[in-house]
Structure formats: structure tokens, C-alpha cells
Amino acid sequence: MVDCRGQPAAGGVPGRSLPRPGVPVGLGPLMALLSASGLRRTVEGRTLWQDLGLTVRAGESVAVTGPSGSGKSLLLRALAGLDPLEGGEVMYGGLPQSTWPMPQYRAQVTYLPQRPALDGGTVLDHLRRPFSLAAHRHRTFDVAAAEALLAALGREGAFLRLDTSTLSGGEGQLVALTRALLLDPAVLLLDEATASLDPEATRRAERLLLGWLGSAPRRALVWVSHDPAQRARVAPREVTLQPQAGTP
Ligand SMILES: Nc1ncnc2c1ncn2[C@@H]1O[C@H](COP(=O)(O)OP(=O)(O)OP(=O)(O)O)[C@@H](O)[C@H]1O
């Protein structure tokens, strides 16, 4: 059976505990923002997890760990509504995932993959494009905000004019992270989302993400990272996926 345990990580960022103004009733900092219960996932007849539960509270930064192939990416994809649930339930904002219109849900619970697929055109085009989608129509693209985020990640304004097809893997991750933050979800699911960055860019991304987390009450971060030092820096709590008996 998959064991899903909350473990305190060494070090890490301090959790937030003070109530903040403007938090909807029932979604204070200690309440579950995103939760899952009874999740089951099989691949090609092999059970990866069953009866898996997870709770992420508003203001929390949580790491998901486990050996390669234990299903961390698939868990994040299930939480993001990208894969259908085989069993169990995911709740976001107090409502079952199945009751949310998916574009709205994914605008709130956003998955950031290790190898993001970038649209064609320039970095600026890529950052601007989702703002024309219905799920984001209440938002306005702000080029100054994009420049500020990229500057925080160590990239100057000329970066916006680069063609996305020419970007390195790490640069692609910076663009994907910038776009996700511009769209301002509630929960960011980071699937090795800094794995292609050099150490300095990684630290910049971590600072940016933790600053984002701390600057509004109803946000949370979930990190999949194989780097224990990173997990210790960014996530005070770890949830560990353990392979089922008999799993290769
Ligand atoms: N679309 C798919 N079809 C079939 N098998 C899949 C699919 N996606 C993932 N798997 C398998 O499911 C298992 C879990 O994959 P997943 O990518 O979630 O693992 P992970 O814990 O994130 O691994 P890693 O740490 O190596 O990134 C793996 O054995 C993988 O081969």
C-alpha cells in the first residue's frame, strides 16, 4: 500500500500562521486549500498508489518525494485535473474537482512540468497568449510585471524578444514559471520545475516563488524535487510516496 506521510523537513521556510484580511470564510491559513482522499492510480495493470490522501493548506509549501517511478508526476497531474481520477476525490476551495469547470480549475490549480511546451513566437508572445483565453479573461497582461518577474529570475528585457524555439531547457523553465506567476493561480504544482536551472537561477526561482507564496493569503506551493537540499530550503513538510509491494 502506498504510504503518504507528512514529515517535517530539516530547515525550510517558516510556515505562516497569522490570519490575514480578505481570506474567505472557511479558507483561512490553516484550512485545506487543496486536498485529496482515497486516490488510486494504475498504469498498465500496476497499482502505483491507492487510498492516497494529501492536504495542502493555504500558505503552505509542501514537497512530494518518492523514488523514481513512484508516481509523483502522475499525482501532480491528478491534482491539476490533467488526468482523470481512477478513484478517490480531489477538493479545491471546498468543492470537488469534478464540479469545477476545468479551465477555471486549472487556472487556479496549475501544473508546471519539468519540460514545458512553449508556444511558438517570441517569449513576449508566449507570455501574453493565455490572457486571451476565457479562463483568464478577468486578467490583463502587464508587460511591466513580466519584465519584473524575468528580472527577478536574472533575465533582462531583451529576453522577451527571443524566439521560444531557441531557448535552452533552463530558459524554457524560466519562461514557464514567469507565465504561471503572471496568471497568478492559487496552487502551483511544481514538477521538477527548476531542475534545468543553474544554482543561481534556482535560488532566484525559489526566492521568487516563496515571495509569491507569502504575498497573498490563499496560495500554496507543491514541489516535486529530487534535491533534498532544495526541499529543505523551500518546504517545511514532505509527503512521501512509497512504492507498492511488488512494484519493480
Ligand atoms: N502515460 C503513461 N502511460 C503508461 N505509464 C505511464 C504513463 N505516465 C507515467 N507512466 C508510468 O507511471 C510510473 C510513474 O510515473 P511518474 O512520472 O509519475 O513517476 P515519478 O515518481 O514522477 O518519477 P521520476 O522521479 O522519475 O520523475 C512510471 O513507471 C511511468 O513509466
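**Notebook: contacts, core and ligand shell**

I began with the contacts of the protein chain, where two residues are in contact if their C-beta atoms, placed from the backbone, lie within 7 Å, and I noted that residues 24 or more positions apart account for 78% of the contacts with a separation of 6 or more. I keep in mind that this is a predicted model, in which local features need pLDDT of at least 70 and side-chain atom pairs count only at pLDDT 80 or more, while totals for chains, interfaces and linings use all residues. Residues are numbered from 1 along each chain as its sequence is written.

**Confidence**

I looked up pLDDT, the predictor's confidence in each residue, from 0 to 100, and found that the protein chain averages 86, with 85% of the residues at 70 or above. Among the elements of the chain, strand β1 (residues 4–8) has the lowest mean pLDDT, 38, and strand β8 (residues 187–191) has the highest, 98. Over residues 1–29 the pLDDT is below 50, although this stretch has 71 contacts in the model beyond near neighbours in sequence. Where pLDDT is low, the predicted coordinates should not be read in detail. For the complex, the predictor gives an ipTM of 0.96 and a pTM of 0.87.

**Elements and burial**

I counted helices (H or I, at least four residues) and strands (E, at least two) as DSSP runs, numbered from the N terminus, and the protein chain comes to seven helices and 10 strands. For burial, a residue is buried if 20 or more other C-beta atoms lie within 10 Å of its own, exposed if 12 or fewer, and partly exposed in between, with C-beta atoms placed from the backbone. Of the 248 residues in the chain, 35% are buried.

I then looked for the largest nonpolar core, meaning a set of buried Ala, Val, Leu, Ile, Met, Phe, Trp, Tyr and Cys residues joined through C-beta atoms within 7 Å, and it has 55 residues, with Leu-190 among those that have the most contacts inside it. Helix α5 gives this core its largest share, six residues. Not counting residues up to four places away in sequence, Leu-190 touches Leu-112, Leu-221, Val-222, Trp-223 and Val-224.

**Helix α4**

Which residues of α4 (residues 143–152) are buried? I found Ala-146, Leu-149 and Leu-150 to be buried; seen down the axis of α4, the buried residues fall within an arc of 95° (taken from the directions from the helix axis to the C-beta atoms), so they line one face of the helix. On the other side of α4, Ala-144 and Ala-148 are exposed. The cover over the buried residues of α4 includes α3 (123–128), α5 (169–183) and α6 (199–214).

**Two loops beside β8**

In the loop between α5 and β8 I looked up Asp-184, whose phi is near 50°, a positive value in a residue other than glycine. Asp-184 counts as partly exposed because it has 16 C-beta neighbours inside 10 Å. Glu-192, in the loop between β8 and α6, also has a positive phi near 50°, but Glu-192 is buried, with 20 other C-beta atoms within 10 Å.

**Ligand**

Last, I listed the shell around the ligand, where a residue is near if its C-beta atom, placed from the backbone, lies within 6 Å; among its residues are Val-43, Glu-44, Gly-71, Lys-72 and Ser-73. Helix α1 (residues 72–79) gives the most to this shell, with three residues.
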